[in-house]
Amino acid sequence: MQANENSNHHTKDPVLLFFNRVIAQVSRVLAAIMVLVIIWGVADVVYVLYQRLMAPPFMLLEIKDILATFGAFMAVLIAIEIFHNIILYVEDNHNRQLAVEIVLGTALMAIARKVIVLDFNEVGAGHVYATAAVTLALSVGYYLIVIRAQSARRKATNAPQHSSS
């Protein structure tokens, strides 16, 4: 099946070749925009941290400031992950398994960010339970699709090869 998937990307149809080139260029544009977003995000983290450190009490952060800073850091890390995902996806000839792994990994980072910045005084129990359910579902999905697949690939690579001679 892998050979069949890869052969679909080496079409001789000029229209499909053109479309593939357009998608490759769009991916490059998205990657460039994501780099700008990452730089902007880092500048925002520095600016917000500077503002909070300069506000009374001088050079001290309250817990809510630290959690907000963690949230901003996580947002930048998610943007970096999305950038890497764009690059990996483009370079790997649109491997469907990789695409699912990318989405699950990024979603796990995003829900982790949500959990880190969650203010339990501001949200109801339903919101907390829903966040827990999403976190659990993503974790199970990540385990089943990514971790088990990697383990199976390692076992297949390390398995002794039987010769037919």
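# Questions on a helical model

Trainee: How far apart are the end C-alpha atoms of α3?

Mentor: This is a predicted model. Helix α3 has 29 residues, and the expected span counts 1.5 Å for one less than that number, so the helix should span 42 Å. The distance in the model agrees, because the end C-alpha atoms of α3 are separated by 42 Å.

Trainee: Which helices help to cover the buried residues of α3?

Mentor: The buried residues of α3 are Asp65, Thr69, Gly71, Met74, Val76, Ile78, Ala79, Asn85 and Ile86. What covers them includes two helices, α2 and α4.

Trainee: Is isoleucine 66 of α3 buried or partly exposed?

Mentor: Isoleucine 66 lies in helix α3, and its C-alpha atom is 8.9 Å from that of leucine 49, a residue 17 places away along the chain. To count as buried, a residue must have under 20% relative accessible area. Isoleucine 66 has 29%, so its class is partly exposed.

Trainee: How many helices and how many strands does the protein have?

Mentor: Read from the N terminus, the elements run α-α-α-α-α. The count for the protein is therefore 5 helices and 0 strands.

Trainee: What share of the protein's residues counts as buried?

Mentor: The protein exposes about 11,900 Å², and carbon and sulfur atoms supply 68% of that area. The chain has 165 residues, and the share of them that counts as buried is 18%.

Trainee: What part of the contacts with a separation of 6 or more joins residues 24 or more positions apart?

Mentor: A contact here means heavy atoms within 4.5 Å. Among contacts with a separation of 6 or more, the part from residues 24 or more positions apart is 68%.

Trainee: Which element gives the most residues to the largest nonpolar core?

Mentor: This core has 5 residues: Met34, Ile38, Val45, Val76 and Ala79. The elements that give two or more residues to this core are α2 (14-54) and α3 (63-91). With 3 residues, the element that gives the most is α2.

Trainee: Which residues does methionine 34 contact, apart from its neighbours within four places in sequence?

Mentor: Methionine 34 belongs to the largest nonpolar core, as does Ala79. Leaving aside neighbours within four places in sequence, methionine 34 is in contact with Ala79, Ile82 and Phe83.

Trainee: Against which helices do the buried residues of α4 pack?

Mentor: Helix α4 has 22 residues, which should span 32 Å at 1.5 Å a residue, and its end C-alpha atoms are 32 Å apart, in agreement. Its buried residues are Leu98, Glu101, Ile102, Leu104, Gly105, Thr106 and Ile111. The helices they pack against are α3 and α5.

Trainee: Is threonine 106 buried or exposed?

Mentor: Threonine 106 sits in helix α4, residues 96-117. Not counting residues up to four places away in sequence, it touches Ile78, Glu81, Ile82 and Asn85. Its relative accessibility is 12%, and because the limit is under 20%, threonine 106 counts as buried.

Trainee: How far is the C-alpha atom of alanine 149 from that of glutamine 97?

Mentor: Alanine 149 is in helix α5, residues 125-158, and is buried, with a relative accessible area of 18%. Leaving aside its neighbours within four places in sequence, alanine 149 is in contact with Gln97 and Leu144. Alanine 149 and glutamine 97 are 52 residues apart along the chain, and their C-alpha atoms are separated by 9.4 Å.

Trainee: How is the aromatic pair of phenylalanine 18 and phenylalanine 19 classed?

Mentor: A search of the whole structure finds 1 aromatic pair. Its ring centres are 6.0 Å apart, with 50° between the planes. Planes under 30 degrees apart would count as stacked and over 60 as edge-to-face, so this pair is tilted.

Trainee: Are phenylalanine 18 and phenylalanine 19 buried or partly exposed?

Mentor: Phenylalanine 18 has a relative accessible area of 45%, and phenylalanine 19 has 46%. Both values lie between the limits of 20% and 50%, so each residue is partly exposed.

Trainee: How far apart are the end C-alpha atoms of residues 128-146?

Mentor: An unreviewed UniProt entry lists residues 29-50, 70-91, 98-116 and 128-146 under "transmembrane region". Over residues 98-116 the chain is 100% helix and 0% strand, with end C-alpha atoms 27 Å apart. Residues 128-146 are likewise 100% helix and 0% strand, and their end C-alpha atoms are separated by 26 Å.

Key: Residues are numbered from 1 along each chain as its sequence is written. This is a predicted model: local features need pLDDT of at least 70, side-chain atom pairs count only at pLDDT 80 or more; totals for chains, interfaces and linings use all residues. Side-chain values use heavy atoms; hydrogens and water are left out. Helices (H or I, at least four residues) and strands (E, at least two) are DSSP runs, numbered from the N terminus. Buried means under 20% relative accessible area, exposed over 50%, partly exposed in between (1.4 Å probe, protein chains only). A nonpolar core is a set of buried Ala, Val, Leu, Ile, Met, Phe, Trp, Tyr and Cys residues joined through side-chain atoms within 4.5 Å. Rings of Phe, Tyr and Trp (its six-membered ring) pair if their centres lie within 6.5 Å; planes under 30 degrees apart count as stacked, over 60 as edge-to-face and the rest as tilted. Accessible areas come from the Shrake-Rupley method with a 1.4 Å probe; for residues, only the protein chains shown count as cover. UniProt positions are given in the numbering used here, feature names are shortened, and annotations may be inferred rather than shown by experiment.
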